[in-house]
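Work through the exercises below with the sequence and the 3D view open. Try each task before reading its solution.

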Amino acid sequence: MKARNRADQILRELRHKGSVSLDELITGLGASAASVRRDLAKLEGKGLVRRTHGGAMLVEPLLYEPFRYDSLFQNREQHRTAEKRRIGLAAAELIQENETVGFTAGTTTTHVARNLRNRHNIRVITNAINIAMELSNCPGLKTFVTGGFVQWAGSFSLVGQVAMSSLSDMYMDRVFVSVCGIDVTRGITVIEPEEALTFRSMIHQAKQTIVVADSTKIGIVTPALICPISDVHVLITDTRASDKAIAPFLERGIDVQRV
């Protein structure tokens, strides 16, 4: 197995478990101890993992100071964290090399974007300041940020006419959308109208729309419509979503993944 593929496999395992032993990696990868140690050293040099006695653990991205102490952002990020991690990992697996992908602002889309830090040849378009900053030092990614203004504290979401105008000449293979609510009848929604319009512009420029939302968002309707449910191709949620809850989405041809 080539070193790059081994590194990807190591990161995938760590994203699932958080930490892993050297013996587990040697067995799972079918590689020598020396090779695995070299891979771990390179990943540690990139700030992606931390080697421990007998193994390694995943390093969470360092938050820039405005994010680290922003309680509004932190409170939202820590809600249903385990579910968001799984959703983020599953969503990132859909992204292929040489694709252009969009991320709307949101804590769940942040988890998707974090899984790209060791990926290569991917172009990212986002209106989220925090996502742009977390990916800005990744050599395999090219990150574009919309203009716009931040409407409310803790969102780190650029919105408004400038944001929408900057998207008009950009096309995406897929866009990943965080929402406050997803309902079969009312569509996907957020709280602020300006944010809904900006998210809608991203969806308009993408071939595929993927909603990433934990199960507490299903059946919820908030004031500002992003788009009708007919514009959604994939919903990635968690295993707490019941068969009854997802059945109406399946009936409308949406690919629902519970992770």
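The exercises that follow concern a predicted model.

**Exercise 1. A sheet and its strands**

Task: Find in which order the three strands of the open sheet lie, and which strands are at its edges.

Solution:
- Step 1. The order across the open sheet is 1-3-2, with antiparallel pairing.
- Step 2. An edge strand pairs on one side only, and this holds for strand 1 (19-21) and strand 2 (49-52).
- Step 3. From one strand to the next, the twist averages 20°.
- Step 4. For a closer look at one pair, take strand 1 and strand 3 (residues 55-58): three bridges join them in the antiparallel sense. Within this pair, Ser-19 is opposite Met-57 of strand 3.

**Exercise 2. Helices on the sheet**

Task: State which strands are touched by helix 1 and which by helix 2, then describe how the two helices pack on each other.

Solution:
- Step 1. Helix 1 (residues 3-17) packs on the sheet and touches strand 1, strand 2 and strand 3. Its direction makes about 70° with that of strand 3.
- Step 2. Helix 2 (residues 22-29) also packs on the sheet, where it touches strand 1 and strand 3. The direction of helix 2 makes about 80° with that of strand 1.
- Step 3. Between helix 1 and helix 2 the packing angle is about 125°, and the axes are 11 Å apart.
- Step 4. An angle over 145 degrees would count as roughly antiparallel, and 65 to 115 as roughly perpendicular. The angle here belongs to neither class, so helix 1 is oblique to helix 2.
- Step 5. The crossing of these two helices is right-handed.
- Step 6. Helix 1 contributes Arg-6, Gln-9, Ile-10 and Lys-17 to the contact, and helix 2 contributes Glu-24, Leu-25 and Leu-29.

**Exercise 3. Counting disulfides**

Task: Work out how many disulfides the model has, and why Cys-180 is not bonded to Cys-227.

Solution:
- Step 1. A disulfide needs two cysteine sulfur atoms within 2.5 Å.
- Step 2. The closest cysteine sulfur to that of Cys-180 is in Cys-227, at 14 Å, which is too far for a bond.
- Step 3. Cys-227 is likewise in no disulfide, since its nearest cysteine sulfur is that of Cys-180, 14 Å away.
- Step 4. The count is therefore zero disulfides.
- Step 5. As for accessibility, Cys-180 is partly exposed at 27%, whereas Cys-227 is buried at 3%.

**Exercise 4. Positive phi angles**

Task: For Asn-98 and Asn-121, give the phi angle, the loop and the exposure class.

Solution:
- Step 1. Asn-98 has a phi near 70°, a positive value although the residue is not glycine. Asn-121, also a residue other than glycine, has a positive phi near 55°.
- Step 2. Asn-98 belongs to the loop between helix 6 (81-92) and strand 4 (100-103). The loop of Asn-121 runs between helix 7 (107-114) and strand 5 (122-126).
- Step 3. The cut-off for exposed is over 50% relative accessible area. Asn-98 has 52% and so counts as exposed, while Asn-121 has 42% and so is partly exposed.

**Exercise 5. A glycine in a loop**

Task: Locate Gly-148 and list the residues that it touches.

Solution:
- Step 1. Gly-148 is in the loop between strand 6 (141-145) and strand 7 (149-150).
- Step 2. Its relative accessible area is 36%, so Gly-148 is partly exposed.
- Step 3. Leaving out residues up to four places away in sequence, Gly-148 touches Leu-158, Val-159, Val-162 and Ala-163.

Key: Residues numbered from 1 in each chain as written. Predicted model: local features only at pLDDT ≥ 70, side-chain atom pairs only at ≥ 80, totals over all residues. Heavy atoms only, no water. Helix = DSSP H or I, 4+ residues; strand = E, 2+ residues; numbered from the N terminus. Buried < 20%, exposed > 50% of the residue type's maximum accessible area, 1.4 Å probe, protein only. Pairing = 2+ DSSP bridges. Axes fitted to C-alpha atoms, helices over the stretch in contact; angles between N-to-C directions. Contact = heavy atoms within 4.5 Å. Parallel < 35°, antiparallel > 145°, perpendicular 65-115°, else oblique. Left-handed = near helix turned anticlockwise from the far one by under 90°.
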